[in-house]
Structures are given as structure tokens and as C-alpha cells.
Amino acid sequence: MSLTLELADSIQSVNASSWNAWVGDMPLLGNAFLSEIAISGSGGKGSGWQPYPRMVNGGGVFVDALPL
């Protein structure tokens, strides 16, 4: 299997269903929660925290994900 590492500049640019399938039943890592942090301004360029979600894809499926 070939693996591809991807870094995104925001959680909003990540496919929400793929992300949520990976994090499972952990609401504080879910796409909706992380998106709200960014949208509210609590996290992002102006707060001193810049998100870079990391995904490892294998055959079109997330095999690893981390909200950096």
C-alpha cells in the first residue's frame, strides 16, 4: 500500500466524514468542534495557534490523522 502524507491549512479544508470516521467517538477531535474553534477565533492565526491537520492516506482512506 502506498501512503501519502497531507497537511491542511485548516480543518475546514479536510473532508469531514473521512476525518470523523478516523477520530470515531471523540467529540473534542471531531471536525465540527475543531471547525468551531477556528470560526470563533479561539484558535487560528490571530490567537497564536495555527492549525495544521495532518492526514496519512492509504488507498484513498485515512490510516492516520492528527489535529496539529
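Which helix does N31 lie in? N31 lies in helix α2. The legends below start from the core and then turn to this helix. This is a predicted model, in which local features need pLDDT of at least 70, side-chain atom pairs count only at pLDDT 80 or more, and totals for chains, interfaces and linings use all residues. Residues are numbered from 1 along each chain as its sequence is written, and side-chain values use heavy atoms, with hydrogens and water left out.

**View 1. The largest nonpolar core has 9 residues.** Its members are A8, I11, V14, W19, V23, L34, M55, F62 and A65. At least two of them come from α1 (16-23), and at least two from β3 (61-67). A nonpolar core is a set of buried Ala, Val, Leu, Ile, Met, Phe, Trp, Tyr and Cys residues joined through side-chain atoms within 4.5 Å. Buried means under 20% relative accessible area, exposed over 50%, partly exposed in between (1.4 Å probe, protein chains only). Helices (H or I, at least four residues) and strands (E, at least two) are DSSP runs, numbered from the N terminus. In soluble globular proteins, nonpolar side chains tend to be buried together.

**View 2. Helix α2 spans residues 31-40.** Its buried residues are N31, L34 and S35. Seen down the axis of α2, they fall within an arc of 100°, so they line one face of the helix. The arc is that of the directions from the helix axis to the C-beta atoms. The cover over these buried residues includes α1 and β3. G41 follows α2 and has a positive phi, near 90°.

**View 3. N31 and L34 each have contacts beyond four places in sequence.** N31 counts as buried, at 8% relative accessibility. Leaving aside neighbours within four places, N31 is in contact (heavy atoms within 4.5 Å) with I11, V14, A16, W19 and N20. On the same basis, L34 is in contact with I11, W19, L28, L29 and P67.

**View 4. S10 sits in the loop between β1 (3-7) and α1.** S10 is buried, with a relative accessible area of 18%. Leaving aside neighbours within four places in sequence, S10 is in contact with P51 and P53.

**View 5. L7, Y52, L66 and L68 form a nonpolar patch on the surface.** Together they have about 390 Å² of accessible area, by the Shrake-Rupley method with a 1.4 Å probe. L68 is in the segment after β3. L68 is partly exposed, with a relative accessible area of 44%. Patch residues have over 30% relative accessible area and no salt bridge (a side-chain nitrogen of Lys or Arg within 4 Å of a carboxyl oxygen of Asp or Glu), with nonpolar side chains (Val, Leu, Ile, Met, Phe, Trp, Tyr) joined within 5 Å and like charges within 9 Å.
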